[in-house]
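Reader: I'd like a close look at one part of this protein: the empty space shut inside it. Could you walk me through what surrounds that space?

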Amino acid sequence: MGSESTLSLPIIDFSKLSLSSGATDEWESVKSQVHKALEEYGCFEAKFDKVPIEIRNALFGSLEELFDLPLQTKLRNVSRKPYHGYVGQYPQVPLYESMGIDDANIYEKVDAITKMLWPEGNTTFSETIQSFSEKLTELDQVVRKMILESLGLEKYLDEHMDSTNYLLRVMKYKGPQSTDTKLGLTSHTDKNIVTILYQNDVVGLEVQTKDGEWITVKPSPDSFTVMIGDSLYAWVNGRLHSPWHRVMMTGNEARYSTGLFSIPKAGYIIKAPEEVIDEKHPLLFKPFDHVKFLGFYYTEAGQKSPSALKEYCGV
């Protein structure tokens with residue numbers, strides 16, 4: 001069960017910003033807040049008003065409709081990439097199931113999966129998922145641009161942006177029908193670049209501080225939880241923090257959430273730029289392919305390791 005910590009994640013307002021904002025006072029102020037939050041916590045709550053309220057409202061109805069499909073239908077959601085297809089029926093996390101939609105910001109890619117799940121079609125689902133994902137990609141790109149600027153890595157911006165695709169994972173956690181707190185999802189760090197989480201009003205997400213305290217993230221319909229993953233942690237040579245997080249459930253209501261993940265493309269080699277390596281910050285990781293690293297992470301050795309990334313490619 002989470003601690004009774006009164007800590008909370010930093011809240012950062014992106015409402016007045018876009019990718020074309022340029023070096024305004026507002027941009028510089030928010031960039032400084034982002035850098036400080038990612039150094040200290042590895043994540044923050046983002047106020048971001050570019051996702052219309054009608055899309056946010058429609059989203060959770062679409063997720064309920066999706067997870068109400070028969071199991072045999074959901075199992076059609078398969079992928080050759082680890083953890084990109086349907087995940088569920090795991091005894092260690094019986095409350096959890098999820099599905100993945102690659103390139104969810106592209107309508108044709110979403111609609112292809114929709115037609116696999118609903119052969120008669122489901123235009124509302126496709127439009128909702130694509131619109132939601134497309135709007136959130138802007139927040140992802142603003143955050144990543146700020147990260148590179150704050151570390152003096154602007155010259156890598158185009159390569160960095162072009163090196164990733166987007167995956168939307170949609171998740172359901174059944175209410176445990178108990179006042180006792182039950183494990184929804186085991187403690188882990190994300191393995192990608194940036195994750196943007198959005199959830200309904202059922203509490204569950206907890207983030208661990210560097211000191212080992214657990215912060216319960218209070219859901220808000222107007223904010224998104226932004227956190228960095230191990231691939232970005234490795235690329236910036238440990239200059240930012242990749243946080244451990246988990247889901248803990250209580251009560252009767254189901255928790256629905258989404259995660260937009262910016263993920264390195266297969267074959268792209270993650271290698272820390274020379275600008276982030278010095279005497280004070282020696283190189284932490286050898287260059288690696290994210291997809292091959294995922295392959296190791298999902299082996300027995302990778303799952304048992306206290307740090308799969310260090311074991312896989314640590315210096």
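Author: Sort the residues lining the largest cavity by class and you get six nonpolar, four polar and two charged. Keep in mind that this is a predicted model. The charged pair in that lining is Glu45 and Arg255. Alongside them, the wall of the largest cavity includes Leu197, Leu205, Val217 and Phe224. Tyr198 and Pro219 line the largest cavity too, and Gln199, Ser220, Ser223 and Thr225 also have a place in the lining. Two strands show up here: E6 (194-199) and E9 (223-228) each give at least two residues to this lining.

How much room is there? The volume of the largest cavity comes to about 80 Å³. As for why one would go looking this way, rolling a probe the size of a water molecule over the atoms shows where empty space is left.

Searching the whole structure turns up three cavities of 30 Å³ or more, so it's worth setting the runner-up beside the one you asked about. The second largest cavity has a volume of about 40 Å³. Its lining is made up of His160, Ser163, Ile193, Trp235, Pro264, Tyr268 and Ile270. By class, that gives five nonpolar and two polar residues, with no charged ones. The polar two in the lining of the second largest cavity are His160 and Ser163. So back at the largest cavity, the thing to look for on your screen is the charged pair, Glu45 and Arg255, in the lining.

Conventions. Residues are numbered from 1 along each chain as its sequence is written. This is a predicted model: local features need pLDDT of at least 70, side-chain atom pairs count only at pLDDT 80 or more; totals for chains, interfaces and linings use all residues. Side-chain values use heavy atoms; hydrogens and water are left out. On a 1 Å grid over the protein atoms alone, a cavity is a set of points where a 1.4 Å probe fits but cannot get out, and a pocket is an open set with protein on both sides within 12 Å along at least five of seven lines; lining residues have an atom within 4 Å of a point. Grid points are joined across faces, edges and corners, and a volume is the space filled by probe spheres set on the points. Helices (H or I, at least four residues) and strands (E, at least two) are DSSP runs, numbered from the N terminus.
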